[in-house]
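Hi,

Here is the structure I promised to pass on. Have a look when you get a moment, and my notes are underneath.

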Amino acid sequence: MAGGNERIMKALKEVWRRAENSLCADCGKPGPDWASSTLGVFICLSCSGIHRNIPSISKVKSLKMDHWDDAQVQFLAKHGNAVTKAIYEAHIPIYYYQPTYNDCQVLREQWIRAKYERKEFTEPGKQLPYSDGVKEGILWKRGRDNGQFLPRKFLLSEREGCLKYFTKQDAKEPKINVKIDVINATFQPVKIGNPNGLQITYLKDNKTRNIFVYHESGKEVVDWFNAIRSMQFHYLKVAFPIASDAEIKNRLTRNFLKEGYMEKTGPKQREAFKKRWFTLDHRRLMYFKDPLDAFAKGEVFVGSRENGYSVQKGLPSGTQGNFSWHYGITIVTPDREYLFTCETETDQLDWIEAFTSVINQAMTPQEYASKRPDSVSFPS
């Protein structure tokens, strides 16, 4: 009996060590140590918890702690991540957002359910709830002034190339009408305080406007997210006919590079430093009094090193403004220096890393065009 167990464990380890099984089949996290005995995929601990919530589809076991019988190991050997992905990920639309282990729970859960439970990607040309060219429904939207979440009707139209929302169900005129190509959407469960919280941003009068929404259904809010990406993709395909699908995909919704609190001082650099919430959206560094503000109080354009931008650790000697946090950062631009302080050294180093990643990238023609004079203002 012991010899049989040793043989089974040896065979299990051989399958486990295959290169194709070295990353989680669902989120790409290295070193998965769980597997589904019914799907034949190797997955991480976090994704195994999602699989456990769909027991009719997937039975998960630990590769280290649980007992595996001979038939289960043979099933894993016959399948594995490569074979199973070829079945369940055969026809993923190019615009569909495939989450990683850094993404939030609702994105990862709906990705797993879309693959294995709803089998959305197994057949070519399958009609999907986010590929119709129009989506209409209710989302709970946070009020700009009172902070209350209230149900609002939203309409997304590929034909009109826009997103609208209405303050009343029977309203004929929308409260906003935003072109699809200036929209960004990113999941913000912690900031919004809801596991299905979605932040929609767009440019209005050369300023970034934030809308915070959620839906009780994780599937519904992720469908909205992918519907935005679907319509953006088709809009950009028409607008840029010679661009490749991969190039267009890179221009769809994006996650913010970094967010968090820092202290800042004004342009004279003699004012007291004030605590503000900062969002780095590629080359736009915006700051808000509150993380859920509708509009930024100011923003800085972060250009490239070859255009005279740099980031330095610490503050210039003789900085006069009073500050309570002591881990300084200086962003140097062709026009002036911007001074910030962080609460911890870890925050300081993380922000410096994020700024450096942007500054080290060459600017595109579109980014040159977006560098407006008002985008470098930074009032106190």
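What follows is a run through what I found, from the overall layout down to a few single residues.

Before anything else, please keep in mind that this is a predicted model.

**Overall layout**

The protein has 380 residues, and 49% of them count as buried. Its C-alpha atoms fill a box of roughly 80 × 55 × 45 Å along the principal axes. You'll find 10 helices and 17 strands in there. The domain assignment splits the protein into domain 1 (1-117), domain 2 (134-250) and domain 3 (258-370). Between the centres of domain 1 and domain 3, taken over C-alpha atoms, there are 42 Å. As for contacts with a sequence separation of 6 or more, 54% of them are between residues 24 or more positions apart.

**The cores**

The largest nonpolar core has 55 residues. Ile43, Leu156, Ile183, Phe187, Leu198 and Ile200 have the most contacts inside it. Helix α7 provides the largest share of this core, with 9 residues. Domain 1 and domain 2 each put at least three residues into this core. Apart from it there is another core, of 22 residues, which includes Leu285, Val311, Ile329 and Trp351.

Phe187 is a good place to start clicking. Setting aside neighbours within four places in sequence, Phe187 is in contact with Cys104, Val106 and Leu107, with Asn196, Gly197 and Leu198, and with Val221, Val222 and Phe225. Two of those partners' stretches are easy to place: Val221 and Val222 fall within α7, which covers residues 218-239.

**Helix α7 and what leads into it**

α7 has 22 residues and reaches 32 Å from first C-alpha to last, close to the 32 Å expected at 1.5 Å a residue. At its start, a side-chain oxygen of Ser217 comes to within 3.3 Å of the backbone nitrogen of Lys219.

Just ahead of that helix is His215, in the loop between β10 (207-214) and α7. With 17% relative accessibility, His215 counts as buried. The His215 side chain reaches the backbone nitrogen of Ser217 at 3.0 Å. Beyond four places in sequence, His215 is in contact with Ile138, Leu139, Asn196, Glu220 and Val221. His215 also sits 6.1 Å from Trp140, C-alpha to C-alpha, although 75 residues separate the two in sequence.

**Salt bridges**

How many salt bridges does a search of the whole structure find? The count is 18. Here are the ones I'd look at.

Lys135 and Glu220 pair through their side chains at 3.1 Å, N to O. Lys135 is in strand β4 (residues 134-142) and Glu220 is in α7, so this pair ties together parts that are 85 residues apart in sequence. Lys135 is buried at 10% relative accessibility, while Glu220 is partly exposed at 21%. Glu220 is also one of the contacts of His215 mentioned above.

Glu160 takes part in two salt bridges. With Arg159, the closest N and O atoms are 3.9 Å apart; with Lys164, they are 2.8 Å apart. The three residues cover the whole range of accessibility classes: Arg159 is exposed at 76%, Glu160 is partly exposed at 38%, and Lys164 is buried at 12%.

There is also a network of salt bridges that links Asp26, Lys85, Glu89 and Lys115.

**Gln188**

One last residue. Gln188 is in the loop between β8 (183-187) and α6 (189-192). Is Gln188 buried or exposed? Gln188 is buried, with a relative accessible area of 11%. Its side chain makes a polar contact of 2.9 Å with the side chain of Glu259. Leaving out neighbours within four places in sequence, Gln188 is in contact with Gly193, Gly197, Leu198, Gln199, Phe256 and Glu259. By the domain assignment, Gln188 belongs to domain 2 (134-250) and Glu259 to domain 3 (258-370).

That's the tour. Happy to go through any of it with you.

Cheers

Key
Residues are numbered from 1 along each chain as its sequence is written. This is a predicted model: local features need pLDDT of at least 70, side-chain atom pairs count only at pLDDT 80 or more; totals for chains, interfaces and linings use all residues. Side-chain values use heavy atoms; hydrogens and water are left out. A salt bridge is a side-chain nitrogen of Lys or Arg within 4 Å of a carboxyl oxygen of Asp or Glu. Helices (H or I, at least four residues) and strands (E, at least two) are DSSP runs, numbered from the N terminus. Buried means under 20% relative accessible area, exposed over 50%, partly exposed in between (1.4 Å probe, protein chains only). A nonpolar core is a set of buried Ala, Val, Leu, Ile, Met, Phe, Trp, Tyr and Cys residues joined through side-chain atoms within 4.5 Å. Domain bounds come from an automatic or database domain assignment. Contact means heavy atoms within 4.5 Å. The expected span of a helix is 1.5 Å times one less than its number of residues. A polar contact is a pair of N or O atoms within 3.5 Å; within protein, one must be able to donate a hydrogen and the other to accept it, and residues adjacent in sequence count only if both atoms are side-chain atoms.
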